[in-house]
Each structure stands twice: as C-alpha cells, then as structure tokens.
Amino acid sequence: MSKNLAELLVETLVHAGVQRIYGVAGDSLNGITDAIRRGGLLSWVHVRHEEGAAFAAGAEAHLTGKLAVCAGSCGPGNTHLINGLYDANRSRVPVLAIAAQIPSAEVGSGYFQETHPEITFRECSHYAELISHPEQMPRVLEIAMQTAISRRGVAVVILPGDVALRSAVAEGPRLSFPEPSPIVRPSDAEVEKLADLLNESSRVTILGGAGCAGAHEELIQAAGKLKSPIVHALRGKEFIEYDNPFDVGMTGLLGFASGYHAMMEADTLLMLGTDFPYRPFYPEKTKTIQIDIRGEQIGRRSRVDLGLVGDIKTTLAALIPKLKERIDDHHLRKCLRHYKETRKTLDDLAGGEPGSKPIHPQFLAKMLDQAASDDAIFTCDVGTPTLWAARYLTMNGKRRLLGSFNHGSMANALPQAIGAQTAFPNRQVISMSGDGGLAMLLGEMLTLRQHQLPVKIVVFRNDALAFVELEMKSAGILEFATDLVNPDFSKMAEAAGLLGLRAETPDQIRPALEQSLKHDGPALVEVFVNRQELSIPPSITLEQARGFSLYVLRAVLNGRGDTLLDLANTRTLREVFNVGKSEILG
Ligand SMILES: Cc1cc2nc3c(=O)[nH]c(=O)nc-3n(C[C@H](O)[C@H](O)[C@H](O)COP(=O)(O)OP(=O)(O)OC[C@H]3O[C@@H](n4cnc5c(N)ncnc54)[C@H](O)[C@@H]3O)c2cc1C
Ligand SMILES: Cc1ncc(C[n+]2csc(CCOP(=O)(O)OP(=O)(O)O)c2C)c(N)n1
C-alpha cells in the first residue's frame, strides 16, 4: 500500500533533520499525529496552548539555527499559533507551521471551524500555501521549508485533514542538500571606501546587534584598531558583551547611560547587524555607516551615509587589514570610564539585606546570574524581567538569552523555555517570568510536568503589570487596570507536580534558587519583589520623549523605589546622567 500524504510529510521533515513537532492534537491533525506515532522518528511535544507551541519552536530555531516545527488543528487550533509565529518571524528564525484545515469539500461553505489560514498567516510569514492535491506533496512542503530557512522566518503549510489521508503520488522527499552557506560581503571598492571613512574618523562608536553572532573575534579586532567603544542592542547582548574590553553597555530606555553617550559623542557610528528600533536614541549629526546582510534593513532607523550589504564576520574580515591602527584612544577611554561608573551605579542598586523588605528585583536578577550555570539558557518575559535580564545577566559566550524582543509579546518566557529545554535536555534553562506573563500561559506549567522538562521558573512577583505602571507613571497617568490578585504560585506549582518554593526576604533568595537549580525536575521559585521599582534611563531629551511614547519621565523613582523624584528636579538628573539642563525634559 502506498503511503499517505501525512506519512510523506513526516518523512520529508525527518529527512530535513527535523526532530519534533510542538502542538496540540485535533481531528484535522489526526493523519499527521498518527503518522508520527507509527513512524517513530519524530516526536510530538504536546503543549497546552498552541501559542506555546509556536514560541517553543521559535526558541528551538533561535538556539539551534535550524528549522523547528509547530502545528495546530483546523480553525482555532491554528489561529492560536499566531502570536508565537509573529514572534518567530520578526526574530528571523526558521519556523514551519503546519496549519490543519477543515475537510477540503467544505472549504468556502462557512463550515464548522472554517478559517482561511492563507490569509490569517499572511502578515506573520513569508509563505502560506494550501495543499489541496496529492501532486503538490512534497514540493509545497519543501518550498515552505526552503523559504523558512533561506528567508529566516515563518512558512505555513495548510493541509486539510482529508487530504492528509490521501495516497501520495511521490515516493519520497525530492530535495537533499545541506543548508547553503554563501559568503556575502560588499565589493572590494566598497570595503575600500568603508576603510577610508573609518580611517578618517576620530571617534568611532560601534553599535552591534544580533547580526554579530559568530563574529566576536573580528568585532574585537576591528574595535581594537579603531579604538572604538562597542554598544549593543538587546538581541546582540548574548553575542557581543562577553570577553569584550570595548563593551560600554546597551542603549535604549532599558540601556545604560554609557551606551547612550558613546553613541551620541561619536563622530562616526558604525552599525553592525542591528535593527535597534528606537530612533530617538540615534545621534543626528554623526556620520553613520550601516552594514547588514539584508539591504532592505539599511536606513530604516537612522539616516545612513554609507550602507553596505554583507555578513558581519566576512565583511569585518575583509575590512580589518585595511584599517589603520589608531593611536588616539581618548574617546574609548572616556566611554569605558563612563561605563564603569554606570555599571557601579546599577550594581549598587542590586543590593539586599537579610530580612529586609522589599526585595529589589535587581537583587534577584543578580543572584540568579550568580547561581546559574556557565552555559545556562535564560528566557525573560516582556515586562520588567526583560529590563532586569538586560542589565544584570552576564553573558559569557556559552550562555544564551531569549526574549520576545522584536515582537514584544507577554508570556513568552515559559514557552520559550520549553523549546530550549526540549532541544537541550542537559542544559540549565531558566524562565524569568513576570506574574502577569506567567498567568497568561499558565497552562504551560503542566507541559513541564507532562514532559518532565527540568525548567526553572523564577517568578518576579510584584502583583502588578509593573512595566505598564511604569509607562503610566512616566506619561503622568495614574495607574489603573494594572493590579494583579495573584494566587500562591508556589502552591500551584506543587499541585501541578513541580517543586514550588518561595522567597520573601533577600536572604531566602539564594537558597531557594540553589535548591531549585539542583532539583532534578521542573521547579518554580516565587520571589516577592518591589512593585514600585523603576529604572533610570540613560537620558531623555524633549525631542526623544516626543518620539518614544514609553517613557516621558514625568516621574522617576530614585532607583531604590522609595522616593519619587519629579523630573523638574533636574539637579538630581544632572548628577545621575551628567548632562545639561536643556537636554532634560522638563
Ligand atoms: C519591553 C522591551 C524593552 C526594550 N528596550 C530595549 C532597549 O532599551 N534597548 C535595546 O537595545 N533593545 C530593547 N528592546 C529590544 C528591541 O525591541 C529590539 O528587539 C532590539 O533592540 C533589536 O536588537 P538587534 O538590533 O540586535 O536585533 P534585530 O532587530 O533582530 O536586528 C538584527 C539585524 O542584523 C541583521 N543580520 C542578521 N544576521 C546578519 C549577519 N550575519 N550579518 C549582517 N547582518 C545580519 C538582520 O538583518 C537585522 O537587520 C526592548 C524590548 C522589549 C520587549
Ligand atoms: C500579549 C501582550 N499583552 C499586553 C502587552 C502590554 N504589556 C507589556 S508589559 C506588560 C506587563 C507585564 O506584566 P508582568 O508579566 O507581570 O511583568 P512586570 O512588568 O509586572 O514585571 C503588558 C501588559 C504585551 N506586551 N503583550
């Protein structure tokens, strides 16, 4: 008997190196789940919400660089995937989504659960096509996989349940070649021009992003010759910050004053593999050079004087021999000094005395950073956990950091941890969860139990949507609709079969973290952190505040969360940021 399309689909995925599918089963997926069961070569990772499946697949793809797969049954089953798929697509990680469809004969009749995934997923994918005929398989599936891999994003294959059970025409997968790895760099003349511009400049600052992955050595060499400080955008943190004598921190509202000023004081800004989105944080008068593998990214965020298309590693390798060794390192030294001071200010905020309340979330983040293993994988929820991860986690080239940094969706951390732990069963995986974020996809705690995934959930419990409160305060709006009446998360965890622990004072944190990290199974540590903690942004000008609605800074807490400083009190801000009064928003 010939195989059916579902079997051919599974065979094609296995042939391409796919190891698992994250999803929730359903009638329209029965052919596929049954083929997985019978084939025994692909595993089915049963999650509790399809959004979790898409986030998990996105995390796997981010960490491995390889295609990861999720699936949802027809109608609501695959509609639930959508938010995680947006995230994967915007993070440019290769994810294939299998969207099952209602019986093919019913399409167009307004049938039970009928949706049109070709339309629904259009905006969050590079490819979304319906398989309605056996002749289309495996070609359409292979086009989808090739698209996800080569365009680094999401592709969706839509397959009606009945079509999945029809006999295949083709005997097996058609394509069999390793993923291409072309060398992409600007032309010799362009590299020459790039070198000339940099050699002529006297204060070069590098802004590096996720596109610097794998280019650490070249980045350090280039910065060494140029004597340039390196600022990173958040998605570049895991690739840039470690073993980096030129590191001056991050920029942006969650960033460091030193990162901000290093960019503002440069005469030439060299953007390497970054799409840092916040325009008010770019210098206006500086000469800007941008290098990106995607031409369409160039000039999106800032005016650019020289835009080049190339892979960062390859382009820097071609550039470095053409760079003159700069002698004057005044700009670099100044920025490094500033970084040291900024780092100290931030570290001072991460203190905690035994028995004293409240717990500063900075302290928790720092404890976590110290307790975690050398190759831990951290995920952080959108909300204040992103802030604390950005500022207090130390990267070392082996650790990884994932968030929903480009899409900015809450509830990302736990399902991303599921994908990370599934792909790397022997590594420590830590989800830095907000209490709002955790509750949003709380059911995924059960996935940990179901698959015995030893993920450690650390809950930053502040009984609020604290990041939103921060935004409200900054905009001069009274907090409203942000209270969270929370359960005892540690007891819920226990009830779900996880180890559940609590820390209510600073001295209880380290023992609880260590106990959870040693525990051979999933665990949750609930830590009561200060609700009113606010962060000090690097600098805010009137112009920037207009362009960046998150933070108008009408009110700023002093960083310890107990004293409200009016922004009119520019004296304090001047002390903190060392900037002139006219620069500060009144
Ligand atoms: C609540 C919240 C607050 C945030 N605040 C901040 C903040 O204050 N500061 C901050 O920095 N971020 C912040 N972020 C994250 C921010 O939204 C962006 O996600 C981040 O700045 C983008 O980082 P990136 O430029 O490294 O990555 P991306 O936006 O992913 O850009 C990477 C670029 O590199 C290119 N590229 C990829 N591979 C290569 C290659 N091999 N060679 C060349 N180019 C390549 C890509 O085409 C792309 O243009 C925040 C996020 C959240 C959720
Ligand atoms: C799906 C989704 N809904 C709403 C928002 C808006 N939002 C951003 S941060 C945040 C609060 C997050 O709260 P929590 O997880 O408790 O973390 P906290 O900031 O309190 O530490 C909200 C509601 C969002 N980004 N994503």
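A polar contact here is a pair of N or O atoms within 3.5 Å. Keep that cut-off in mind for the two ligand stops below. The model is predicted.

**Stop 1: ligand 1**

Select ligand 1 and the residues around it. The shell holds 32 residues, and R235, T274, D292, R294 and N406 come nearest. Colour the shell by class and it divides into 14 nonpolar, twelve polar and six charged residues.

Now show the polar contacts, beginning with I293. A polar backbone atom of I293 lies 3.1 Å from a nitrogen atom of ligand 1. Move on to R294, where an N or O atom of the side chain is 2.6 Å from an oxygen atom of ligand 1. At F405 the partner is again in the backbone: a polar atom there is 2.8 Å from an oxygen atom of ligand 1. Taken on its own, ligand 1 has 990 Å² of accessible area, and the protein covers 92% of it.

**Stop 2: ligand 2**

Select ligand 2 next. There are 18 residues around ligand 2, with T384, D435, G436, G437 and A466 coming nearest. By class, nine of the shell residues are nonpolar, eight are polar and one is charged.

Three contacts involve oxygen atoms of ligand 2. Start with D435, which has a polar side-chain atom 2.7 Å from an oxygen atom of the ligand. N462 also places a polar side-chain atom by a ligand oxygen, at 3.2 Å. For A464, look at the backbone instead: one of its polar atoms is 2.8 Å from an oxygen atom of ligand 2. The protein covers 78% of the 580 Å² of accessible area that ligand 2 has on its own.

Which helices each supply at least two residues of this shell? Select helix 16 (384–392), helix 18 (435–440) and helix 20 (466–474) to see them. Helix 18 gives the most, with four residues.

**Stop 3: a helix pair**

Hide the ligands and select residues 188–200, which are helix 9, together with residues 312–319, which are helix 13. The two helices pack with their axes 10 Å apart, at an angle of about 70°. Angles of 65 to 115 degrees count as roughly perpendicular, and helix 9 and helix 13 are therefore roughly perpendicular to each other. Their crossing is right-handed.

**Stop 4: backbone details in loops**

The last selections concern the backbone. Most residues other than glycine have a negative phi, and most peptide bonds are trans.

Go first to R92, in the loop between helix 5 (82–90) and strand 4 (95–101). Phi of R92 is positive, near 55°, although the residue is not glycine.

Next, select M137 and P138. The peptide bond from M137 to P138 is cis, with omega near 10°. P138 sits in the loop that runs between strand 5 (127–130) and helix 7 (139–150).

Finish at K357 and P358, which are joined by a cis peptide bond with omega of about -5°. To find P358, look in the loop between helix 14 (330–348) and helix 15 (361–371).

Terms used
Residues are numbered from 1 along each chain as its sequence is written. Chains are lettered from A and ligands numbered from 1 in the order in which they are written. This is a predicted model: local features need pLDDT of at least 70, side-chain atom pairs count only at pLDDT 80 or more; totals for chains, interfaces and linings use all residues. Side-chain values use heavy atoms; hydrogens and water are left out. A residue is near a molecule or strand if one of its heavy atoms lies within 4 Å of it. A polar contact is a pair of N or O atoms within 3.5 Å; within protein, one must be able to donate a hydrogen and the other to accept it, and residues adjacent in sequence count only if both atoms are side-chain atoms. Accessible areas come from the Shrake-Rupley method with a 1.4 Å probe; for residues, only the protein chains shown count as cover. Ala, Val, Leu, Ile, Met, Phe, Trp, Tyr, Cys and Pro count as nonpolar, Asp, Glu, Lys and Arg as charged, and the others, Gly among them, as polar. Axes are lines fitted to C-alpha atoms, for helices over the stretch in contact, and angles run from 0 to 180 degrees between N-to-C directions. Angles under 35 degrees count as roughly parallel, over 145 as roughly antiparallel, 65 to 115 as roughly perpendicular and the rest as oblique. A crossing is left-handed if the near helix is turned anticlockwise from the far one by less than a right angle, and right-handed if clockwise.
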